[in-house]
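Trainee: Could you take me through one part of this model closely, the place where aromatic rings and helices come together? I would like to see how the pieces fit into one picture.

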Amino acid sequence: MASMLAVTLLFWPCPQPHVLHLLNRRMNQPDSKPPQPPALRSQRWFAADDLRGFAHRQRMQQMGLRREDVIGRPIIGILNTWSDLSPCHAHLRERAEAVKRGVLLAGGMPFELPAMSLGEVLVKPTTMLYRNFLAMEAEELLRSLPIDGTVLLGGCDKTTPGLLMGAISMGLPAIYCPAGPMLNDRYKGKTVGAGTHTRIFWDERQAGNVTPEEWVRLESRMTRSPGTCNTMGTASTMTAIAEALGMSLPGASSIPAMDSAHPRMAADCGERIVAMVREDLTPQRILTRASFLNAAAVQMALGGSTNAAVHIIAMAGRAGVALTLADLDEVARRVPVLANLFPSGDRLMEDFYFAGGLPALMNRLHEHLALDELTVTGRPLRENIAGHEVVDSDVIRALEHPVSPHPALAVVSGNLAPNGAVIKPSAASERFFRHRGRALVFDNQPQMQAAMVDPHLDCDETTVLVLRNAGPVGAPGMPEWGGLPIPRKLLRQGVRDMVRLSDARMSGTHYGTCVLHISPESAVGGPLALVQTGDEIELDVPARTLTLHVSDEELARRRAAWVAPVQPFTRGWTQLYQRHVTQAHLGCDLDFLQAGAPTPEPVIF
Ligand code: FES
């Protein structure tokens with residue numbers, strides 16, 4: 001053991017003075033006693049002069065590596081969510097090479113590790129079913145292999161929280177390298193963005209305003225290059241949240257995927273993670289309640305996706321930070337929407353990058369941020385954003401000139417949602433903020449889809465559409481079915497928004513007066529299960545209430561008659577997920593991943 005430590009320390013340069021200062025401050029140590037660099041975890045595999053150490057080094061040499069390539073150097077695992085069926089991550093193999101370049105130049109040794117790729121559009125029934133799977137995979141990959149630190153390559157919606165949740169639970173130094181948004185596109189002279197305009201054009205096709213030929217032409221538009229959706233959808237929201245948490249390099253989340261700055265940023269990630277290993281700069285030292293509130297403030301200022309309300313609570317849970325929907329609502333009430341991006345605004349991520357990107361937005365938002373929070377740079381947030389000015393105030397607005405008078409999130413509750421539900425007022429219709437209407441209830445998604453094309457469907461613009469059995473357990477996986485379509489007959493009358501309720505999520509690129517994430521969900525007996533067509537439902541966003549106008553006695557009678565839906569999943573991942581997933585207001589993590597003592601390091605024998 002002593003010889004192993006000696007080999008390790010031989011390769012450690014002294015941390016920079018400003019880093020030492022920060023580390024000492026965090027550890028409550030006087031500056032005169034610099035912390036000792038930690039022993040390299042990977043050397044448990046590679047440094048020992050025994051049979052196992054021999055075998056581990058021998059297998060490295062089998063791949064053409066030299067023993068000095070793995071002895072005494074930080075070993076960096078690059079968790080890559082690239083796949084041939086993940087269009088938003090099509091460039092991540094090349095980016096992994098850039099990360100490797102940075103790692104090697106800094107004196108580390110990189111190894112690329114494939115991880116489950118959750119391409120949002122193609123994975124069924126929903127990527128959300130597999131977010132926790134990716135988190136488990138990331139954690140166990142890092143634990144089971146000789147890794148000292150990790151660069152996380154992701155970007156498409158669930159990959160960001162999935163990778164970060166796993167890395168947080170494992171606790172090794174980690175840096176998040178976002179895939180970056182795809183390039184802007186235009187169609188017939190108008191700005192068009194992924195997701196948002198797909199829905200707009202689809203509604204117009206249903207209304208008879210887009211021909212089948214034009215619909216085919218549109219297939220090749222809006223998604224102009226590799227990279228994540230270029231609207232302020234869930235991907236852009238979550239990568240910005242990762243940066244606001246301090247887990248990405250400053251400005252990283254705003255760089256377009258196809259910009260030459262992107263591979264340079266990836267190389268910087270590789271270089272920086274080697275230093276982070278030497279500084280023992282783990283997620284536990286970066287992530288605090290204040291950093292999660294910073295992330296929430298950024299979500300609101302961006303007009304970010306409602307999905308973040310689930311993911312940010314789940315990530316906080318992994319970091320041991322108590323964060324609630326009430327916290328998010330409080331932040332949303334004080335932080336206005338500043339980023340003029342679809343679906344709350346009318347610009348795209350490339351415009352945001354040229355306007356100064358996230359560091360400029362955070363600089364503008366500084367009075368709402370805790371600026372002393374440590375980040376992966378080894379410096380506080382204050383230093384990362386200093387001097388970053390907004391260069392286009394139409395894209396990144398001033399606090400006194402927000403994009404919308406309404407917040408990016410509101411949490412409503414009442415007898416229909418005892419544990420809360422969310423809505424995005426900045427992308428909803430103000431005329432529905434106080435609305436009472438008759439419920440039209442669908443028990444499942446196929447039933448709802450079939451009804452939408454019925455020319456005789458009994459509804460009008462005041463009807464409240466309700467979808468149930470679409471939550472974490474019920475669907476399963478809480479898919480993005482919460483942006484219920486407008487019935488075709490109403491689209492043809494010119495209706496483009498209605499009040500819609502569900503226990504599902506909604507794509508961050510979508511819009512409309514949609515109350516989402518109703519908790520507890522209907523499949524576990526939440527009050528949503530008891531609603532009947534014809535009941536009166538009242539939404540009051542300013543009062544933050546959602547009320548089912550049915551007497552307690554009648555609800556009790558319905559509850560007594562309620563039968564839980566039969567689930568067809570009796571084996572495998574889905575069954576495990578359904579048994580252990582928490583409800584939306586708790587983040588939809590698996591209960592056994594948020595509880596218990598840290599998992600011990602593996603025995604090496
Ligand atoms: Fe991948 Fe939108 S589909 S980010």
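Mentor: Happy to; here is a walk through the aromatic pairs and the helix packing around them. This is a predicted model, in which local features need pLDDT of at least 70 and side-chain atom pairs count only at pLDDT 80 or more, while totals for chains, interfaces and linings use all residues. Residues are numbered from 1 along each chain as its sequence is written, and side-chain values use heavy atoms, with hydrogens and water left out.

Let's start with the rings. The structure holds 6 aromatic pairs; rings of Phe, Tyr and Trp (its six-membered ring) pair if their centres lie within 6.5 Å, and planes under 30 degrees apart count as stacked, over 60 as edge-to-face and the rest as tilted. Tyr-353 and Phe-354 make a tilted pair, 5.5 Å from centre to centre with 50 degrees between the planes. In the pair of Trp-573 and Tyr-577, the centres are 6.1 Å apart and the planes at 50 degrees, so this pair is tilted.

How exposed are these residues? Buried means under 20% relative accessible area, exposed over 50% and partly exposed in between (1.4 Å probe, protein chains only). Tyr-353 is partly exposed because its relative accessibility is 23%, and Phe-354 is exposed because its value is 54%. Trp-573, at 14%, counts as buried, and Tyr-577, at 0%, counts as buried.

Now stay with Trp-573 and Tyr-577. Both lie in helix α23 (residues 572–580), 4 residues apart, about one turn of the helix; helices here are DSSP runs (H or I, at least four residues), numbered from the N terminus. Together with Tyr-130 and Phe-133, Trp-573 and Tyr-577 form one aromatic cluster.

Next comes the helix packing. Helix α7 (residues 128–144) packs with α23 at an angle of about 95 degrees, their axes 11 Å apart; axes are lines fitted to C-alpha atoms, for helices over the stretch in contact, and angles run from 0 to 180 degrees between N-to-C directions. α7 is therefore roughly perpendicular to α23 (65 to 115 degrees; under 35 is roughly parallel, over 145 roughly antiparallel and the rest oblique). On the α7 side the contact (heavy atoms within 4.5 Å) is made by Met-128, Leu-129, Tyr-130, Asn-132, Phe-133 and Met-136, and on the α23 side by Trp-573, Thr-574 and Tyr-577.

Key
Helices (H or I, at least four residues) and strands (E, at least two) are DSSP runs, numbered from the N terminus.
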